[in-house]
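I opened a fresh page for this one and kept my notes short. Have a look at the sequence and structure below, then follow along with me.

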Amino acid sequence: MHTSWSADAIAAGARVGPDEALRFAKGEEITSSTGQSVKLSRPYDWMAIADHSDAFGVMAGVIAGDPNLLADPILKRWSVGMNAGGAAATEALMEMITLQGLGKIPDAITDPDTQLDMWRMFTEIVEGHNDPGTFTALIGYEWSSNIGGGNNLHRNIIYRDGKAQADRVRPLTTFDTEIPNELWDWMELYEKETSGRVLAIPHNGNLSNGLMFATETPDGVPIDAEWAEKRARWEPLYEITQTKGTSETHPSLSPSDEFADFEIWDAGNLNVVPKETGMLEYEYAREALKRGLALEAEFGVNPFKFGLIGSTDSHTGISTSEEENFFGKFPASEPSAERSTGNAFDFEGRVVKDWQLGATGLMAVWAKENTRASIWDAMNRKEAYRTTGPRIGVRFFGGWDFSEQDAQSRNPAARGYGKGVPMGGDLMPMPSDDAAPSFLVAAIKDPFSGNLDRIQIIKGWLDAEGSTQEKIFDVVWAGDRAPDAEGKLPPVGDTVELENATWTNTIGASELITVWQDPEFDPSMSAFYYARVLEIPTPRWTAYDAVYFKDAAFGPEVTMKTVERAYTSPIWYTLER
C-alpha cells in the first residue's frame, strides 16, 4: 500500500505517512486524510508499505513551498493546485501521472542523493514497527514503470532484510530505467552488494495494454531462455486483485467461466488509453500461466510460473479491503456521498468512476512464524494465496495418493505435507505409469463474512498440438445441489437485501474439504492446478454506501452485490526433460 510519501498519493491529498499507516495496521486508531477517525477491528499480522520510488517522499516539499523546488514552473503549478485541493489538485495529479509515464517528470524531484536520504528515513520508520512474533513490518518500495504513456508494468520490491542491508543500495526508479529486465539486474546487484534477498511482485497487468505477459520486452526485443529464467527467478508471485481491478481472467478469455466477470477494468491502460484488439490475452494471470507452459516447452524454463496474491494498492495510508470498511483508492474516494458519482481517474475526459474501484484484496502466507525471514520465504516458495478481502482460510496440496479418508482429518495440513506438496509447489515424479494426481483442498470461512458456496479447481494444460487449454471443476460445494447434465452446478442462492445492505448465512457452508483426482489426466501433457473458493453473494461496498449515505446517487449501472473469493497459488505438473 501507499502513504503520503508516494508522489501521486500526497498530490491527491493523502496526509497519512508510513508511521501512521503502520500504527493503523497494528490496530491503533488514526485520523484519515479527510478527517475521519479510523481503526481496524481486526489488525493485520504483517504489512509492506511500498511507496513509489520515483520522487520518494519529495513531494511534501513541493506542497510546503520549498523555493528550490518551486523554481521549476511545473512544480510551482502543482504546488498551487495541490494546496487548493478539489479539481485543481486532481488536475495536478493527472498531469503528474501522465508526465511520469512519458518520462518528463521535472529534474528537481529526481535527484538520487535526495532519494537515498529519504529512503533511509523511511527504513528507520519501518524498522521501528517491526516486532518479530507479533507484527512484521516488511521493507519495500514500488518501481512504477508506466512506459509508453501509462502502460502499467509496476513491481513491488519486497526485502527479506532489515535496514542495515536495505540502506546500502539506492532503490531503482523509472528515472533510471522503465524496462523490467533491467530492474532484475538491479535486484541481482543488490543481492551481490549486500548478501541480502529481494523479490518482485508485478501488478495490474490489466492496465498494461498488452505488455505485462508479452513475448517481447517493452523495447521490442523478443524474449529468450535467459529472459525467461530471470523472470522466473525474480518474480515468484503475481498480484491478481486490488482496487484497480482483478486480473485472474477476463470473460472474453474464459467464456465458460461463469465467475470470470469480477471487478473487471478493461477500458484501457493506467491513463485510460483505449485497448486494441489482441491486448487482453497478454494481461491476465490464467492466460499467462497457460502461456508459460508453452514457453517452457520452447525454452526449457517457464517464465510465468508464479503464485497468486492480492493487495489493496491503497493510496490513502489506510489499508482496508472489506466491503463494509472500504476507504477508497485516493482520499477523494474515502467514504462520502460524493464518491457515488465521483471520478477515480480523469485523463482529458477518459474517465474511471469511483464506484468502479474494488474493495480488495489481501495476501495470506503459510509461514512458520511471524518474522520477515519466514514470511518472505513463504512468498518466495509461492506458499501464498489471495483473497478479495475476507480472511478465508485455505489449504491446497497435490500428490499421487491422497484418499477420501484424508478429507476427514481435522488437521489437513498434516496429511498434506506428509503425502504431497503445498500450493506453489511441483508435483513429485509419477510413482507409476497409470497414476493420476490427486489434490487435498480445504477452506474455512471468515467468521465475519459470507458462508462458502463451493471450491473449484482450475486446470490449465498444454495439449499434444501445442495449444493451451483450461477447464474448471466444481470439486466440493454446500448443500444438496447436483450438477446438471452438462456438469454445471446450480447457484447456491441469494439472501442479500439491498435496501438494508444485509445478508443471512442461511445458505452455504462454514467449511468445505475434499480430495479430488484429475479424471482427465494425461501424463504426456504439462499442466497446472489452482483452487478458487467462492462465498455466497453479499453486499458490495456500493450497497453499504447507498444505505449509509442517504444522498448517495448511484446509477442503475452500478454493481451492488459481490461474490467474495480466494485463489490459491498453483501446483504444477511438469514433464521431465
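**Entry 1: Asn 146**

Does Asn 146 count as buried or exposed, and at what relative accessibility? I looked it up in what is a predicted model, and Asn 146 counts as buried, at 4% relative accessibility. That follows because buried means under 20% relative accessible area.

I then checked where Asn 146 sits: it is in the loop between strand S5 (140–143) and helix H8 (147–150). Its side chain makes a polar contact of 2.5 Å with the side chain of Gln 100. Setting aside neighbours within four places in sequence, I found Asn 146 in contact with Gln 100, Gly 101, Asn 151, Asn 152, His 154, Glu 178 and Leu 270.

**Entry 2: the whole chain**

Next I stepped back to take in the protein chain. I noted 15 helices and 25 strands in its secondary structure. The C-alpha trace spans about 75 × 55 × 50 Å along its principal axes.

What radius of gyration would a compact globule of 577 residues have? The answer is near 25 Å, and the protein chain has 23 Å, which agrees.

Of the 577 residues, 61% count as buried. The accessible surface comes to about 21700 Å², and 49% of that belongs to carbon and sulfur atoms. I also looked at contacts between residues at least 6 apart in sequence: 73% of these join residues at least 24 apart. Last on this page, the charges: the mean positions of the 51 positive and 88 negative charges are 3 Å apart.

**Entry 3: Asp 161**

Back to single residues. I found Asp 161 in the loop between strand S6 (155–159) and helix H9 (163–166). Asp 161 counts as buried, at 7% relative accessibility.

Which residues does Asp 161 touch, not counting those up to four places away in sequence? My list reads Ile 139, Tyr 190, Gly 196, Arg 197 and Arg 372. Two of these names came up again when I looked at polar contacts. The side chains of Asp 161 and Tyr 190 are joined by one of 2.7 Å, and the side chain of Asp 161 reaches the backbone nitrogen of Arg 197 at 3.1 Å.

For a sense of distance, I picked Thr 506 as a partner: Asp 161 and Thr 506 are 345 residues apart in sequence, and their C-alpha atoms are 47 Å apart in space.

**Entry 4: Met 187**

Met 187 is in helix H10, which covers residues 180–194. I noted a relative accessible area of 0% for Met 187, so this residue is buried. Beyond its neighbours within four places in sequence, Met 187 is in contact with Val 198, Leu 199, Ala 200 and Trp 234. I also compared its position with that of Pro 255: the two are 68 residues apart along the chain, and 38 Å separates their C-alpha atoms.

**Entry 5: a cis peptide bond**

Which two residues does a cis peptide bond join? I found Thr 360 and Gly 361 there, with omega at about 15°. I flagged this, because most peptide bonds are trans.

Gly 361 is in the loop between strand S12 (350–353) and strand S13 (362–365), and Thr 360 lies in the loop between S12 and S13 too. Thr 360 is buried, with a relative accessible area of 2%. Its side chain and that of Thr 241 are joined by a polar contact of 2.8 Å. Neighbours within four places aside, the contacts of Thr 360 include Gln 242, Thr 243, Ser 311, Thr 312 and Ser 321. Thr 387 and Thr 388 are in contact with Thr 360 as well.

**Entry 6: positive phi in a loop**

I made a note of phi angles here, because most residues other than glycine have a negative phi. Glu 263 is not a glycine, yet has a positive phi of about 50°. Val 272, also not a glycine, has a positive phi of about 60°.

Where is Glu 263? I traced it to the loop between strand S9 (245–246) and helix H12 (285–299). Val 272 is found in the loop between S9 and H12. Glu 263 is buried at 15% relative accessible area, and Val 272 is buried at 8%.

**Entry 7: helix H15**

My last stop was helix H15, residues 541–548, where the buried residues are Trp 541, Thr 542, Ala 543 and Asp 545. The buried residues of H15 pack against strand S22 (538–539).

Note on methods
Residues numbered from 1 in each chain as written. Predicted model: local features only at pLDDT ≥ 70, side-chain atom pairs only at ≥ 80, totals over all residues. Heavy atoms only, no water. Buried < 20%, exposed > 50% of the residue type's maximum accessible area, 1.4 Å probe, protein only. Helix = DSSP H or I, 4+ residues; strand = E, 2+ residues; numbered from the N terminus. Contact = heavy atoms within 4.5 Å. Rg over C-alpha atoms; globule rule 2.2 N^0.38 Å. Areas by Shrake-Rupley, 256 points an atom, 1.4 Å probe, with all protein chains shown as cover. Lys, Arg positive; Asp, Glu negative; His and termini not counted. Charge placed at Lys NZ, Arg CZ, Asp CG, Glu CD. Polar contact = N/O pair within 3.5 Å; in protein donor to acceptor, adjacent residues only side chain to side chain.
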